[in-house]
Amino acid sequence: MSTLSPEIIANYQEWLSPVFDTETQNTINELVANNPSELEDSFYKNLEFGTGGMRGVMGVGTNRINKYTLGKSTQGLSNYLKSQFEGESLKAVIAFDCRHNSDTLAQTVAEVFAANGIEVFLFSSLRTTPELSFAVRHLQCHCGIVLTASHNPPEYNGYKVYWNDGGQLVPPHDKGVIDSINALSYSDIKFEADPSLIKLIDEEVDAPFIEASAKHASIAATQEAKDDLTIVFTSLHGTSIKSVPPALEKAGFKNVHIVKEQAEPNGNFPTVKSPNPEETEALAMATELAKKVNADILIGTDPDCDRLGIAVRDTDNELKLVNGNQTMVVMVDFLLNQFKQKNSGFKGNEFIASTIVSTPMIRTLANSYGVTYKETLTGFKWIGKLINDFPELNFIGGGEESYGFLVGDFVRDKDAVTSTLLACEIAAYQKANGSSFFELLIELYQKHGFFKEHLVSLVKKGISGAEEIKQKMIDLRENPLKEVGGSSVVYIEDYQTGKAKNFQTQEESDIDLPKSNVLIYYTEDGTKIAARPSGTEPKIKFYISVQTALENASEYENSNTELNTKIDGILKELGLK
C-alpha cells in the first residue's frame, strides 16, 4: 500500500466512514486487501461532471459511476434548481437505458430529487433519450435526467442532464450546476425520499411522443408507397425497441423486419463488438437479414436511440452504408423541398442547423433554398440551444456528421426515432417515384457539387500522448499549413482564440461562438480540414472534406475514386497515414 499517494488513501478512507453503506465499505476493504491497482484507479480522481453530465465505469469510488457520485450530482442539481426557480414547485423526469444498474441508479436519482422536495416522473422501464427530451417539455418539468452511456462498453454508465427547454445543459447553467456539485460533501446528499413524490410513467408520454414523431416524419409518401417498402430494423439490444417499431406502425409502415437476435435489451450487447451504428460490423446481422428479405432500407440505432446508421440500395442494387453527412444532406433537402411545396414557398423565418465539423454541403443546400443556415460547435446541445435562442425562427431540421439528426423542434436533442421514420419516408417516396434514397443523394451531388468527408481519430495514450496532441495543435496554430492537397490555404478559423483570418486579404474577424479548441483550414479548391482534440481523453480528430463537380450520375464512381485518392494524399501529407 506504500505506492498509493496520501490523496488516494484519504479518498478511500473517507468512503469507509458511516456516510457510506456497508456493501460499499466491504467492497473497498476487499480492494485494499486484494486489488490495489483497481483501488488506485477508483479513487485517484473525482469522476468529472462535464458540461452535459457524467460518464464512466461503474463501481465504488470517486472515479466511478455509483449511487454516491450520482447522488452528489443530483443533490447539487437540486440545490441549483431551487436557486434558479425560487418559489416554484419543482418537477423532474427520469429515463434510463438497457445498461446494467441503469434502473437502480435511476431509482436512486429519483429518491434524491424526492428527498429534496422535487416531484419526480420516473419511466417504469427503459426509454429512449429523445423521448426523455420530449417528456421534459410535455410534462412541464424543470429538468430531465437520462441514465445512459450511449455506445460505450458494457462496464460503463452515464448521467445526462436536460434543462427545462428539453435540451442538454448549456451556458450558463452547465457551470452553475458544476459549481453547485463541487461545493458539496458526500454527507450532504439527501437519500431519504418522500415516496409520494415519485410517480411512475409510461403510456401517457409514449403515445404523444410516437404521435408527434409520426406527424413530423410522415410528410409525403402515400400509404401505397409505404406498403411497397421493405424495412429491416435493429435496436442493437438497446432502448429503441420500445419506440421505433410502434412509431413505424403509427406512420403506416407495415413491412418491417426486426433483427430478433438483437431485439432483446441487454447491457452486455452480446451479438456485437460495439453497439455503434456508425460501424459496419454492428450492422452485420441486419445486413444479412436485409439480403434475405431483399430490403430497400436497413436501419440500426445505438443503445439510447439518439443516433442511427442507414444502408440503402445503390445504383447497382447493392446495400450501401451512407454516412452521417450523407444522411443529413438527403434528409435536410427532403424536408426543405416538402416544406416549400406544402407551404407554397418559405415565409423567411425558417432555418436549418449543423456543426462546424460537418459537411460544408449543408450550407450550400440552405443557400439554394434561400433559408437561414446556422452553424454551431460540435455537440447536439448547441443545436438545441439555437432553437431555444431563436424562438421567432422555425427550425426545419438539422444534424451533425456523427450520425445524429433532428426533425422539427418537438425534441431538443438528436432523435433516431423520428429520423428512422423520415429515412423510411424518403425511401418510400423515392421508390414510388422511380428513384431511391441513394439516387436522391447522387442528384444532390450533381446539383450542388460532390462533397466527400473522411474522419481520422487518433488515440495517443498516457501523459506523453496528451502532450503530443497538445504540441500538434500548437504547431498547427504557430506554423499554419500554407497548402493542402496542392491547393493554397485561404482561410483559418481558430475557435480557441475566437478569430478567423483571411490569408488573401490578411483581414481578421471575430467568430461568434463560445471558445473551443478547434482549428479549421479552408483551401482555394474548397477543401476543409478541422482538427479537434478531445477534452476528456488523449484523442484528436481530423475531419477532412473535399469536393468536385459531378456532371452526371454515370460519373459518380470515377469521381468517388478521384476524391478518395485526394483524401488519401492529404492524409499522407498530414502524417495521418
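User: In this predicted model, which loop holds Pro275?

Analyst: Two elements flank Pro275 in the sequence: strand E8, covering 256–258, and helix H11, covering 284–293. Pro275 therefore belongs to neither element and lies in the loop between E8 and H11.

User: Is Pro275 buried or exposed?

Analyst: Leaving aside neighbours within four places in sequence, Pro275 is in contact with His151, Leu236, Phe269, Asp302 and Pro303. Its relative accessibility is 3%. Buried means under 20%, so Pro275 counts as buried.

User: How far apart in space are Pro275 and Gly238, C-alpha to C-alpha?

Analyst: In sequence, 37 residues separate Pro275 and Gly238. In space, their C-alpha to C-alpha distance is 8.4 Å.

User: Which residue has its backbone oxygen 3.1 Å from a polar side-chain atom of Ser235?

Analyst: Ser235 is located in the loop between strand E7 (231–234) and helix H10 (244–250), and at 0% relative accessibility it counts as buried. Beyond four places in sequence, Ser235 is in contact with Ser240, Ile241, Gln262, Ala263 and Thr301. The residue whose backbone oxygen lies 3.1 Å from the polar side-chain atom is Gln262.

User: Why are H12 and H13 described as roughly parallel, and at what angle do they pack?

Analyst: Helix H12 spans residues 324–342 and helix H13 spans residues 361–369, with their axes 10 Å apart. Angles under 35 degrees count as roughly parallel, and H12 and H13 therefore qualify. The packing angle is about 10°.

User: How many of the residues in the contact of H12 with H13 are nonpolar?

Analyst: H12 contributes Met328, Val329, Val332, Asp333, Leu336, Asn337 and Lys340, which meet Met361, Ile362, Leu365 and Tyr369 of H13. By class, these residues comprise 1 polar, 2 charged and, as the number sought, 8 nonpolar.

User: What is the orientation of H12 relative to H15?

Analyst: The axes of H12 and helix H15 (residues 416–432) come within 11 Å and cross at roughly 70°. Angles from 65 to 115 degrees fall in one class, which makes the orientation of H12 to H15 roughly perpendicular. The contact joins Val330, Met331, Phe334, Leu335 and Gln338 of H12 to H15 residues including Leu422 and Ala423. The orientation is thus roughly perpendicular.

User: How many residues are in the largest nonpolar core?

Analyst: Val93, Ile297, Ile310 and Leu422 touch the most other members of this core. Contacts of Ile310 include Ile297, Val322, Met331 and Ala423. A second, separate core of 40 residues includes Leu90 and Ile145. The residue count of the largest nonpolar core is 108.

Note on methods. Residues numbered from 1 in each chain as written. Predicted model: local features only at pLDDT ≥ 70, side-chain atom pairs only at ≥ 80, totals over all residues. Heavy atoms only, no water. Helix = DSSP H or I, 4+ residues; strand = E, 2+ residues; numbered from the N terminus. Buried < 20%, exposed > 50% of the residue type's maximum accessible area, 1.4 Å probe, protein only. Polar contact = N/O pair within 3.5 Å; in protein donor to acceptor, adjacent residues only side chain to side chain. Contact = heavy atoms within 4.5 Å. Axes fitted to C-alpha atoms, helices over the stretch in contact; angles between N-to-C directions. Parallel < 35°, antiparallel > 145°, perpendicular 65-115°, else oblique. Nonpolar A, V, L, I, M, F, W, Y, C, P; charged D, E, K, R; others polar. Core = buried A, V, L, I, M, F, W, Y, C linked by side-chain atoms within 4.5 Å.
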